[in-house]
Amino acid sequence: MAFDEKLAKRIRQAVAKRKGFTEKQMFGGVAFLFSGNMCVGVHKDALIARVDPEDTTSALKMAHTRVFDLTGRPMKGWILVGPAGTKGAQLASWIARSVRFVETLPAK
């Protein structure tokens, strides 16, 4: 399955006015990097959201979320949000949460 182009387009529109975002093919989908750090992306039909590793447990308590695990070794701070969790303003909320964390990282 290819990645959800409509979700990718919605993300592009949401980050278009912010300086520092770039787009890169990753994970069999697309990633949006902020200052060189992975921030959000699309894997199949789900949003990849990068959150503070210390907030992984609380993020996973939110509806429509699961651990982002492609290798059998899940990493804290990487969340997949299913389609039902990215409708309307929910997408903007996940992007904002991811940006808040990635802004704390040194630029690459």
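The following exercises, each with a worked solution, concern the fold, the cores, the aromatic pairs and two residues of a predicted model.

Residues are numbered from 1 along each chain as its sequence is written. In this predicted model, local features need pLDDT of at least 70 and side-chain atom pairs count only at pLDDT 80 or more, while totals for chains, interfaces and linings use all residues; side-chain values use heavy atoms, with hydrogens and water left out.

**Exercise 1. Overall fold**

Determine which pattern of helices and strands the protein follows, and assess its radius of gyration.

Solution.
1. Helices (H or I, at least four residues) and strands (E, at least two) are DSSP runs, numbered from the N terminus. The protein has three helices and six strands.
2. In sequence order, the pattern reads α-β-β-β-β-α-β-β-α.
3. The radius of gyration is taken over C-alpha atoms, and the globule rule is 2.2 Å times the number of residues to the power 0.38. For 108 residues a compact globule would have a value near 13 Å, and the protein agrees because its value is 13 Å.
4. The C-alpha trace spans about 30 × 30 × 25 Å along its principal axes.
5. With contact meaning heavy atoms within 4.5 Å, residues 24 or more positions apart account for 53% of the contacts with a separation of 6 or more.

**Exercise 2. Nonpolar cores**

Identify the residues with the most contacts inside the largest nonpolar core, and the elements that supply at least two residues of this core.

Solution.
1. A residue is buried under 20% relative accessible area, exposed over 50% and partly exposed in between (1.4 Å probe, protein chains only). Of the 108 residues, 42% count as buried.
2. A nonpolar core is a set of buried Ala, Val, Leu, Ile, Met, Phe, Trp, Tyr and Cys residues joined through side-chain atoms within 4.5 Å. The largest has 24 residues, and I11 and L47 have the most contacts inside it.
3. At least two residues each come from α1 (5-15), β2 (29-34), β3 (37-43), β4 (46-50), β6 (78-81) and α3 (89-102). The largest share, six residues, is that of α3.
4. A second, separate core of eight residues includes A31, M38, W78 and L80.
5. Within helix α3 lies L91, which counts as buried because its relative accessibility is 3%. Beyond four places in sequence, L91 touches L7, R10, I11, L47 and T86.

**Exercise 3. Aromatic pairs**

Classify the two aromatic pairs of the structure.

Solution.
1. Rings of Phe, Tyr and Trp (its six-membered ring) pair if their centres lie within 6.5 Å; planes under 30 degrees apart count as stacked, over 60 as edge-to-face and the rest as tilted. The structure holds two such pairs.
2. F21 and F34 are tilted, at 5.0 Å centre to centre and 50 degrees between the planes. This pair joins strand β1 (residues 21-26) to strand β2, 13 residues apart. Both F21 and F34 are buried.
3. F68 and W78 are also tilted, at 6.5 Å and 40 degrees. Here F68 belongs to the loop between β5 and β6 and W78 to strand β6. F68 is buried, with a relative accessible area of 8%, and W78 is buried at 11%.

**Exercise 4. The surroundings of T65**

Establish whether T65 is buried or exposed, and which backbone oxygen atoms its side chain reaches.

Solution.
1. T65 lies in strand β5 (residues 65-67) and counts as buried because its relative accessibility is 15%.
2. A polar contact is a pair of N or O atoms within 3.5 Å; within protein, one must be able to donate a hydrogen and the other to accept it, and residues adjacent in sequence count only if both atoms are side-chain atoms.
3. The T65 side chain reaches the backbone oxygen of A59 at 3.3 Å and has a polar atom 3.1 Å from that of L60.
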